[in-house]
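Subject: Structure handover and what turned up in it

Hi there,

Here is the structure I promised to pass on to you. Have a look at it first, and then read on for what was found.

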Amino acid sequence: MRSSGWLGRLRGGSQRRRVHQYFRYSLDFIGAVELVTVVGLLASRATTGGWALAPVAAIAVARSLLGVRMTRAGLRHYLGEAPLPDGLLPAFCVLSLLALAAPSVAIAAGGLTEEALPVLAYSAAYFQGPVLLALPLGRGVGLGAVGVAAVAVGVYASGAPSGAQLWTLLATVLTMFLIGLTYRSSAWTLRVVDRMDAARETEGRLAVAEERLRFGRDLHDILGRNLSVIALKSELAAQLTVRDPVAAAAQMTEVEEIARESQREIREVVRGYRAVDLHAELAGARGVLEAAGIRCRIEHMDGRPAAADGGDGSGLPEPVQSTLGWVVREGTTNVLRHADAARCTVRVRRTASGDAVLDMENDGLRQGSSGVGDGTGLAGLRERLAALGGSLSAEPAEGGTFRLTARVPAGGGG
């Protein structure tokens, strides 16, 4: 059964999406912990009258909620996804100063006990995290130093004993360092994940482009020399038309022979390109996918894992092997270009009736994606399979996966 809600989206998303959600939720959780800690300290350290609890707690809640928004906006800004909203950083700084000043004033006025001083340390430490996402490292640390100075002024104004003031300052510096390191390293990790994901996508596009270049080189090697000879002999025949018609006719006869030979060679190249070998295609798919960081498992017809050099298409007629090889090639292209896959499984099996079935399943189906492109690749596969009486299905499956299934009747190769 497929999970629903935010947990289902977290489990069913791509690997990159899951990493992003994990870190974003973790940073939100830090904000929630800071809020609960501060409010809890204020409630337990209020004096008998408790007149300062409500306003100080209200400021702390407002600052924490703004801090969550600041964290999300700062993270998008750090990753280059969006600019920082105007006025958000100044508002967060002003509200943070109020969150530091309010407990100090309340302690000095007797509304809170001196044991509420750790509230300043927690408030200043949380301030450092979102700031380091929104600003470059140097400026963020500088603004954090301003926060430490504000804590120093606050603990002095509170009139607390010098020992308590010193411990509060030390706790502030230590927790600011830890929170700042957590936020900054989390954002840096997400940036690295994004770059690796972009590199993997580029590698997939390059693999497809390399295959096209290979076919282009084959055609160039075949046609280049023959077309040059045809051009030279045609030019010579044109010059001999008036002076020596017989020689001109002989040259044109050679041009015709070369043209027919070129046609034959092109047909051989195309036939070799189309008559793909299933064993070779499975091995190639494994190599390309694993080079792109996707774990690839290929299974024999009996369900055992294939050897390192690919799958086994033995026992299938040559036309069936060739057609299924094309399915593997097109399926590999779809995985590379239209999914954020971490794993891919290819199974070649035969049913009880002897039909050949190839299943290709991958995870990482992108949100709102059908798992395939808008080109004619699948339409071409369906035509190839239909010529053998087979069929093709391509559809999303459970758990955010995508399944490509090709079926060819037992007599398809006949």
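Let me start with a small puzzle: is R349 buried, partly exposed or exposed? It is partly exposed, with a relative accessible area of 31%. Before going further, please keep in mind that this is a predicted model.

**Salt bridges between strands**

R349 has a partner, D359, and the two form a salt bridge whose closest N and O atoms are 3.0 Å apart. This pair links distant parts of the chain, since D359 sits in strand β3 (residues 356-362) and R349 in strand β2, 10 residues apart. The acid is the buried member here: D359 has a relative accessible area of 8%, which puts it under the 20% limit for buried.

A second bridge also involves β2. E299 pairs with R347, with 3.5 Å between the closest N and O atoms. E299 belongs to strand β1 (residues 295-299) and R347 to strand β2 (residues 343-350), so the bridge ties together parts that lie 48 residues apart in sequence. E299 counts as buried at 12% relative accessibility, whereas R347 is partly exposed at 30%. Salt bridges with shared partners also bring in R297, so that R297, E299 and R347 make up one network.

**A salt bridge within a helix**

In all, the structure holds 11 salt bridges, and one of a different setting is worth showing you. E261 and R264 form a salt bridge with their closest N and O atoms 2.1 Å apart. Both residues lie in helix α8 (residues 245-274), three residues apart, or about one turn of the helix. An α-helix has 3.6 residues a turn, so residues three or four places apart point the same way. Side chains of opposite charge can pair when their charged atoms come close. Both partners are partly exposed: E261 has a relative accessible area of 31%, and R264 comes out at 35%.

Helix α8 also holds S262, and this serine is buried, at 7% relative accessibility. S262 is 35 residues from L227 in sequence, yet their C-alpha atoms are 8.5 Å apart in space.

**Helices α4 and α10**

Helix α4 (residues 88-109) has 22 residues, which at 1.5 Å a residue should span 32 Å; the 31 Å between its end C-alpha atoms agrees with that. After α4 comes G110, with a positive phi near 90 degrees. Within α4 you will find S96, which is buried at 4% relative accessibility. The C-alpha atoms of S96 and Y126 are 9.3 Å apart, with their positions 30 residues apart in sequence.

Helix α10 has 21 residues and reaches 30 Å from its first C-alpha to its last, close to the 30 Å expected. Of those 21 residues, 17 are buried, so α10 is largely enclosed by the rest of the structure.

**The cavity**

How many cavities of 30 Å³ or more does a search of the whole structure find? There is one, and the volume of the largest cavity is about 60 Å³. Its lining is made up of D197, R200, E201, I294, V335, L336, A339, D340, A341 and R366. Helices α7 (162-243) and α10 (318-338) each supply at least two of the lining residues, and α7 gives the most, with three. By residue class, the lining divides into five nonpolar and five charged, with no polar residues.

**Cysteines**

Searching the whole structure for disulfides gives zero. Take C296 as an example: the nearest cysteine sulfur belongs to C344 and is 5.2 Å away, and C296 is in no disulfide. A disulfide needs the two sulfur atoms within 2.5 Å, so a gap of that kind does not qualify. C296 is buried, with a relative accessible area of 8%. C93 is likewise counted as buried, at 18% relative accessibility.

If you open the model, the strand bridges at R349 and D359 and at E299 and R347 make a good place to begin, followed by the cavity lined by residues including D197 and R366.

Best wishes

Definitions and conventions: Residues numbered from 1 in each chain as written. Predicted model: local features only at pLDDT ≥ 70, side-chain atom pairs only at ≥ 80, totals over all residues. Heavy atoms only, no water. Buried < 20%, exposed > 50% of the residue type's maximum accessible area, 1.4 Å probe, protein only. 1 Å grid on protein atoms, 1.4 Å probe; cavity = no way out; pocket = protein on both sides within 12 Å on 5 of 7 lines; lining within 4 Å. Points joined across faces, edges and corners; volume = space filled by probe spheres on them. Helix = DSSP H or I, 4+ residues; strand = E, 2+ residues; numbered from the N terminus. Nonpolar A, V, L, I, M, F, W, Y, C, P; charged D, E, K, R; others polar. Salt bridge = Lys/Arg side-chain N within 4 Å of Asp/Glu carboxyl O. Expected span 1.5 Å × (residues − 1).
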